[in-house]
Amino acid sequence: MTLIPPQLGGLLGGALAANLRGRLAHFIVDEHSPAIALFAPERRSENREGDWYGEHAGKWLVAAAKAAARSGDAALRANVLRVADYLASVQEADGYLGTYAPDHRFMRPQPPKPASWDGAPSVRTWDIWTHTYLLLGLLEVHRHFPAPRYLDAARRIGDLCWRTLTDGGIDITELGNHHGLSATVLMDPAVELYFATGEPRYLELAQRVLQQANGHRELALLTRALESTDVSAIATGKAYQLAWNLVGLAKLHRATGNADYRRAVELAWHSIREHHLTLGGGPWGGVAHRSREVFNPAGVFSPYGYVETCSSLAWIQLNRELLAITGEARYAEEIERTAYNDLLGAQAPNGEDWCYYVFPNGKRVHTTYWRCCKSSGAMALEELPALAYVQDADGSVTVNLYGPGVARFALAGGGELRLAQHTAYPYPDDIRLRLAGAPTMRFALKLRIPSWATDATLAVNGEDAGVALVPGSYAVLEREWHDGDELLARFPMQPRLHRAVNRNVQESRAPDGSEVRQEVLHFEYAAITCGPLVYATGLIDGFKIEETLRLPAAPPERWLALQGAPADGVPRIVLDPGYRAPLEFTPYFATGGRVDGSWRLSWLPLAPEPPA
């Protein structure tokens, strides 16, 4: 483990700094803040609205505790402890710490709920959800600022959930919408409570949640994942909740070693990765669907699909868990791709405002005060420092995320290693890693080679490192290191054109039983990336939300060029089709100046091929 949290600079460091001085510093400061006042006994006793607003308390505690610990910000730390103390003080004798009136609480049996497309309960929809986030928040505060009262409050919530799902006779799928997905997320903090206490009943709680989730006909979480069911067909395919359930299932694998749990998570991950991500790494859906936040069937493509920022948080967390389990570089690459594109693309520079949704093609809209995604975005950013650099139990050090920053690690023989990264990455630039510490240090240093870095080079003190550089894996340098050693990594970045198709094939059978397949819709699109970044243009010619392109017949390097960074330091890509004025593209997250109401167009339609 690092001696102190890594200090990230560059784009990610700027986003973290804005997060701290914006959302985390102002949204909640004490028990009188609106998001905490919901928990006042006199307020909760009258609440029958079935709202989700109680989630903000736990989300803020998670993000703010991490930010206070990594930054040393005394004011934020004081706010975190004050809020955690207040919440513990208003916890009821049975362990309840929600925002619902007694007759709407998750412990109370309710009449059968009416049938609905998403299995939504008629009451108490978000009660267990709020407690799930409170568990994570209290455990995070205890992790960074240990005090028995925080762990005790978390235990009491866990015990209440256990009693409710056993002696109380309540099935957890009755407590959340999307056929229970909004309640079965309890798996995650139940396992975390087990890790924090070592008490088997919390592991049993997580396993009971999974058992009930798998026994629900429309959900059948474990069974369907093991059958390689596309994620859009598990319950309603709700992206945020489904990915979060997979996080809990991955933690259950870590706690139990059950191979089926890991296999189920990996199969679902592949389904999301191959069919349900934007080019910018965000889980997307909502095209011609009842819900904006539900995965579309595999094979559906639209440049106007919705990416809920909450889903980007859950996707980053899922990749975090699989990275910890497998050590495979692809999971770190997915975290980086999502962070630099759809996550930064949702945050405003002031650190206060966030987009509820981002779109490959669409208008940027900053969401309102109470929306869930403002807290989820803040949480997602605070995941990144601990993932950027990792020290394994054997003393090896892994660099997962690239960008300016400094990390410090304890050395097995005493002393510490300081690893400083100097680069303009994710913009085209060399990556220099300088080591400082004891005169002689022996350990393995692992550097992630991005999957797009086909001509990567790596040198140590000016000489070729002499190790295999396989895109999509780690280069491992195990050797004696000395104070002042320097590595130079070069990952050449060139504009790359991507294609996608929005198509529909009508399928039927003829009277003789033979298959009939006819394509009835076909639209092709092109988009541009450079290194880890997606590029986008604003409104074309200042007013058009799309324009059909006819791409030149010449090789792309003749008409698609990376320009030197202008005064603002943001590189441009120019596409010159030859028949009209060139189009200028900037990194997706920055297109339009990150201003509310600005437009970003990632995918441009292509001219149809002439009939054969």
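A residue counts as buried when its relative accessible area is under 20%. With that in mind, welcome to this predicted model. Glu333 and Arg448 are a good pair to start with, since both are buried and their side chains meet in a salt bridge. The structure holds 44 salt bridges and 24 aromatic pairs, and the points below visit some of them.

**Salt bridges**

- Side chains of opposite charge can pair when their charged atoms come close.
- In the bridge between Glu333 and Arg448, the N to O distance is 3.6 Å. Glu333 lies in helix α15 and Arg448 in strand β10 (residues 440-449), so this bridge ties together parts that are 115 residues apart in sequence.
- Glu524 and Arg499 also meet through their side chains, at 3.9 Å from N to O. Glu524 belongs to strand β16 and Arg499 to strand β15 (residues 496-509), so the pair connects parts 25 residues apart in sequence.
- How exposed are these two partners? Glu524 is partly exposed, with a relative accessible area of 27%, while Arg499 counts as exposed at 55%.
- Salt bridges with shared partners join Lys66, Arg254, Arg320, Glu321 and Glu383 into one network.
- Within that network, the side chains of Glu321 and Arg254 form a salt bridge of 3.0 Å, N to O. This pair links distant parts of the chain, with Glu321 in helix α14 (residues 309-326) and Arg254 in helix α12, 67 residues apart.
- Glu321 is buried at 3% relative accessibility, whereas Arg254 is partly exposed at 39%.

**Helix α15**

- Helix α15 covers residues 329-343. With 15 residues at 1.5 Å each, the helix should span 21 Å, and its end C-alpha atoms are 20 Å apart, which agrees.
- Is α15 enclosed or open? 14 of its 15 residues are buried, so the helix is largely enclosed by the rest of the structure.
- The loop between α15 and β3 contains Ala348, which is buried with a relative accessible area of 2%.
- Ala348 and Gly593 are 245 residues apart in sequence, yet their C-alpha atoms are 9.3 Å apart in space.

**Aromatic rings**

- A pair of aromatic rings is described by the distance of the centres and the angle of the planes.
- There are 24 aromatic pairs in the model. For Tyr133 and Trp244, the ring centres are 4.6 Å apart and the planes stand at 35 degrees, so the pair is tilted.
- That pair brings together Tyr133 of helix α6 (residues 127-144) and Trp244 of helix α12 (residues 239-256), which are 111 residues apart. Both Tyr133 and Trp244 are buried.
- Tyr306 and Tyr357 make an edge-to-face pair, with 5.1 Å from centre to centre and 80 degrees between the planes.
- Tyr306 is in the loop between α13 (259-275) and β2 (307-308), and Tyr357 is in strand β3 (residues 357-358), 51 residues apart. Tyr306 is partly exposed at 23% relative accessibility, but Tyr357 is buried at 11%.
- Ring pairs also link Phe27, Trp52, Tyr53, Tyr369 and Trp370 into a cluster.
- Phe27 has another partner: the charged end of Arg23 sits over its ring, 3.6 Å from the ring centre. Likewise, the charged end of Arg479 sits over the ring of Trp481, 4.8 Å from the centre.

**Backbone details**

- Most residues other than glycine have a negative phi, and most peptide bonds are trans.
- Where is a cis peptide bond found? One joins Tyr425 and Pro426, with omega of about 20 degrees. Pro426 is in the loop between β8 (416-422) and β9 (431-436).
- His178 has a positive phi, near 55 degrees. This residue is in the loop between α7 (148-165) and α8 (181-184), and is buried with a relative accessible area of 4%.
- Arg594 also has a positive phi, near 60 degrees. Its place is the loop between β20 (583-587) and β21 (599-601), and Arg594 is buried at 17%.

**Surface and interior**

- Val520, Leu521 and Phe523 form a nonpolar patch on the surface, together offering about 260 Å² of accessible area.
- Val520 is in strand β16 (residues 515-530) and is partly exposed at 48% relative accessibility.
- Val209, in helix α10 (residues 200-215), is buried at 0% relative accessibility. The C-alpha atoms of Val209 and Thr184 are separated by 6.0 Å, with their positions 25 residues apart along the chain.

Conventions. Residues are numbered from 1 along each chain as its sequence is written. This is a predicted model: local features need pLDDT of at least 70, side-chain atom pairs count only at pLDDT 80 or more; totals for chains, interfaces and linings use all residues. Side-chain values use heavy atoms; hydrogens and water are left out. Rings of Phe, Tyr and Trp (its six-membered ring) pair if their centres lie within 6.5 Å; planes under 30 degrees apart count as stacked, over 60 as edge-to-face and the rest as tilted. Helices (H or I, at least four residues) and strands (E, at least two) are DSSP runs, numbered from the N terminus. Buried means under 20% relative accessible area, exposed over 50%, partly exposed in between (1.4 Å probe, protein chains only). A charge sits over a ring if NZ of Lys or CZ of Arg is within 6 Å of the ring centre and within 35 degrees of the ring normal. The expected span of a helix is 1.5 Å times one less than its number of residues. Patches are made of residues with over 30% relative accessible area and no salt bridge: like charges are joined within 9 Å, nonpolar side chains (Val, Leu, Ile, Met, Phe, Trp, Tyr) within 5 Å. Accessible areas come from the Shrake-Rupley method with a 1.4 Å probe; for residues, only the protein chains shown count as cover. A salt bridge is a side-chain nitrogen of Lys or Arg within 4 Å of a carboxyl oxygen of Asp or Glu.
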